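Here's a friendly walk through a two-chain model. Keep the viewer open and follow along as we go from a small detail out to the whole picture.

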Amino acid sequence: MPRGLKIKKQSFLTEAECRIVHEGSCRLLEETGVELTNPKALNLFKEGGAIQKGNRIKMSRDMINRAVEKTAKNFIMKAKDPENELILDTKSPRVHFGTGGQALYVLRKENGMFKKKEAVTQDLVDILRICEKLDHVDFITRPVEPDVPDEEMDLEKTRLFLAHTTKHMNLANLIIEDCLPDIIEKVGDRSSISFISCVAVSPLNLVSPTVEKFIRIVSEDIPVAISSCPQAGLTAPLSEVGEIIQVNAEILSAVVLANLVRPGAKVLYRGIPITSNLHLDVSPRWCQPESIRRIALISDITYFYGIPCCGTAAVSDEKKPTSQALSEKVLGWIFEAASGAQFINSALGMLEQVMTVSPEQYIIDDMGISLVKKYLSMHPGADLKETGREVVFKALETFDVKTTREMEKEIANRIEFIYSPKEEYSPDYINNQVDHIVNAVSSAKSSSKFLKDSRKGLRKGWLYMGKRIEGAMNLKEVLKTKDGILGMRLRGT
Amino acid sequence: MDEFLEKIKENIIEGRVDSQDEGFDGTKAGQPGVTELVQEAVNKKISPVDILTKCLNPGMEEVGSLYEKGEYLTPDMLASAECVKAAMKLLDPLLVNENIQNKGKIIMATVQGDLHDIGKNIVSTLLRGSGYEVLDLGTDVSVGKIVETVKETKARLVGLSALLTSTMGRMEDVVEKLKKEGLRKNVKVLIGGAPISMEFADKIGADFYCTDAFDAINKLEA
């Protein structure tokens, strides 16, 4: 029995809406293209028929469509234990939950208090051991890096993964390109590892030297997630429609490159169209309802192409395990899983966005994911307005948090926001957003343009403003489970 | 004349840099914005000191007050600060002989190895809008370049930004180099960026950890 949750996919966008998003992204790539200065990538694009104009490379719709057609539509991500293999296939989707990264700090409960320290190699080992034991962790994305010099990082990380997990090893970033042959030699079967490449930097830029590492990974036939993570209002339009067109164009440009390197490339589509906190410090908003919605919409786009989706969910702002963090995380998981993302970086164990990991939070999150899976299996295709609310409160109850009417209202508001489109997906509106992106990209400071242009959308309420979920959590069982896995060494006195 | 100056102030508050800006209600495209109005004021020989003290300064004060009340948000502040920047570009040459002093020189840089400039640019824009002379060195700036610029310009403020965990260590190098060169006691170092924390600022001996642009302004003016 392969790993993963069989689901009945729920869609937010119709096929016709996905098609006009595709048209908008193609127009961007045809008319404006992506910024690219790497000579190797430029040569590949030009040999494939793309046109270089200054520091930008423009590609035709045909070129894009051919690349999408060639891209691998299904593949197996292997693991040391064959029972931990993952099958990625949009035609018969299975949802897999994994960790995320990379955090700098570790938060542990010691002497009854949470204490934060810089993450070191031992923390990576502990997290790998915890995740190996947790039933609902299907794969592991490197949560923290070992504290060794950069030149030793890739091989040390691989060694630790091999020693402490039998699950699929998503090593995330490749630090030194020339280490790749040694990594492959160590792991034996190259399909037991995968990478994430942040090759696309918004707006519309394929960056060196990441692009060179990306080419190398693809040429070695190793699965790689193409990541694009703009912040609406800063590096993309605040508009949901505009941001999705831009993310899609960025990822499609890398899909084209991947297929020029190796036709039939095994890539995952990792679009993360989040928003920015334009009310305050412009920090990223990952777990707020508008971002949960946008990330779920991306899954629809990946199904339109038939390319496996590397999803993102549950990146909370909270600094320690709280009811607020749990409520945000559960909503993120349920919507991303229901949207059919097959390989979800689920921010297991993560807090303070992606800055901190906590052994206790891994166990809380595993319990939360088990509930999400249970409800989605019991009610396939159910309206998430009801199911989503039920799962959030069931999760809170698990930790003895009492439900109040205010909490119910807040969760209902968040779900309503996720379900409610704020803009239209019409050809005119799409073209208007494309023009807007082109203007910003061609101005000297695109972020300033995106920021200024976000003023109208802000006043239309495109960023969700809600209330926190408060309520003390009982973590007794969590601490017991943690001690059971890691033994006395980590126990607080 | 007061009515004309009032119009400049209103456009600063609305954040309309030029005539292309359609304004809050989407109806003002084609109408002159701050750039055109200040140019007209200069042509009319209106005193640059009057433009500064009757339009720019009170305009930004009003914007700050609207922000504090929650009626204005970050993009609104930025739009107004850009208006001030555009106006100052026209007024600076005329103010040279007027003995008007700015609030001080600040060197801004994203540290070596880091190409992220959004945060730094926002802080730079808002600092300019608040009356500081900003010397923006850009991204991927070496420790040596920052310290040399401190020496050359005699700036007493240095703002450092980093988004990457792998580059934040360069901030400590800047602080150390300033010490070695005997410049540290005359220079305040402000740091900020996603991976930065108060603990990190204390650890490396920076003077201020700033959570955002407004925090930077508040700390400088405290």
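## A pair of facing residues in chain A

Let's start small: M350(A) sits opposite V357(A), which belongs to strand β23(A). This is a predicted model, by the way, so treat everything here as a description of a prediction. The strands behind that pair are β22(A) and β23 (residues 356-357) of chain A, which run antiparallel and are joined by two bridges.

Zoom out a little and you'll find that these two strands are part of an open sheet with four strands, in the order β9-β8-β23-β22 (chain A), with mixed pairing. At its edges are β9 (113-118) and β22 (350-351) of chain A, each pairing on one side only.

## Another sheet in chain A

There's also an open sheet of three strands to look at, ordered β16-β18-β19 (chain A), and its pairing is mixed too. The edge strands here are β16 (231-232) and β19 (284-285) of chain A, each of which pairs on one side only.

How do β16(A) and β18 (residues 274-276) of chain A run, parallel or antiparallel? They run parallel, and two bridges join them. If you want a spot to click on, try Q231(A), which stands opposite I274(A) in β18(A).

## Chain A as a whole

Stepping back, chain A has 17 helices and 23 strands. Its C-alpha atoms fill a box of roughly 65 × 55 × 40 Å along the principal axes. A compact globule of 493 residues would have a radius of gyration near 23 Å, and the 22 Å of chain A agrees with that.

Of those 493 residues, 56% count as buried. Take the contacts in chain A with a separation of 6 or more: residues 24 or more positions apart account for 77% of them.

## Chain B as a whole

Now for the other chain. Chain B has nine helices and five strands, and from the N terminus on, its elements run α-α-α-α-β-α-β-α-β-α-β-α-β-α. For its 222 residues the globule rule gives 17 Å, and the radius of gyration of chain B is close to that at 19 Å, so chain B is as compact as a globular protein of that length.

The C-alpha trace of chain B spans about 55 × 40 × 30 Å along its principal axes. Buried residues make up 44% of this chain. Among contacts in chain B between residues at least 6 apart in sequence, 70% join residues at least 24 apart.

## Two strands in chain B

Strand β1 (residues 105-110) of chain B pairs with β2(B) in the parallel sense, over four bridges. Within that pairing, I107(B) stands opposite L135(B) in β2(B).

Which residues of β2 (residues 133-136) of chain B are on its covered face, and which on its uncovered one? V134(B) and D136(B) make up the covered face, while E133(B) and L135(B) are on the uncovered one.

## Two domains in chain B

Chain B splits into domain 1 (2-97) and domain 2 (105-221). Taken over C-alpha atoms, the centres of these two domains of chain B are 28 Å apart. Where they meet, eight residues of domain 1 of chain B are in contact with six residues of domain 2 of chain B.

On the domain 1 side, helix α4 (residues 74-95) of chain B gives the largest share, seven residues. Sorted by class, that side has five nonpolar, one polar and two charged residues.

## Where the chains touch

The contact between the chains takes 15 residues from chain B and 17 residues from chain A. On the chain B side, α4 and α5 (118-129) each supply at least two residues. Helix α4(B) provides the largest share, six residues. By class, the chain B side has eight nonpolar, four polar and three charged residues.

## The nonpolar core

Finally, look inside. The largest nonpolar core has 222 residues, and those with the most contacts inside it are I226(A), A254(A), I334(A), V372(A) and M171(B). Helix α8 (residues 240-261) of chain A gives the most to this core, with 13 residues. Domain 1 (2-97) and domain 2 (105-221) of chain B each add at least three residues to this core.

What is I334(A) in contact with, leaving aside its neighbours within four places in sequence? The partners of I334(A) are V372(A), L384(A), G388(A) and V391(A).

Notes. Residues numbered from 1 in each chain as written. Chains lettered and ligands numbered in written order. Predicted model: local features only at pLDDT ≥ 70, side-chain atom pairs only at ≥ 80, totals over all residues. Domains from an automatic or database assignment. Contact = placed C-beta atoms within 7 Å. Nonpolar A, V, L, I, M, F, W, Y, C, P; charged D, E, K, R; others polar. Pairing = 2+ DSSP bridges. Core = buried A, V, L, I, M, F, W, Y, C linked by C-beta atoms within 7 Å. Buried ≥ 20, exposed ≤ 12 C-beta atoms within 10 Å, placed from the backbone. Rg over C-alpha atoms; globule rule 2.2 N^0.38 Å.
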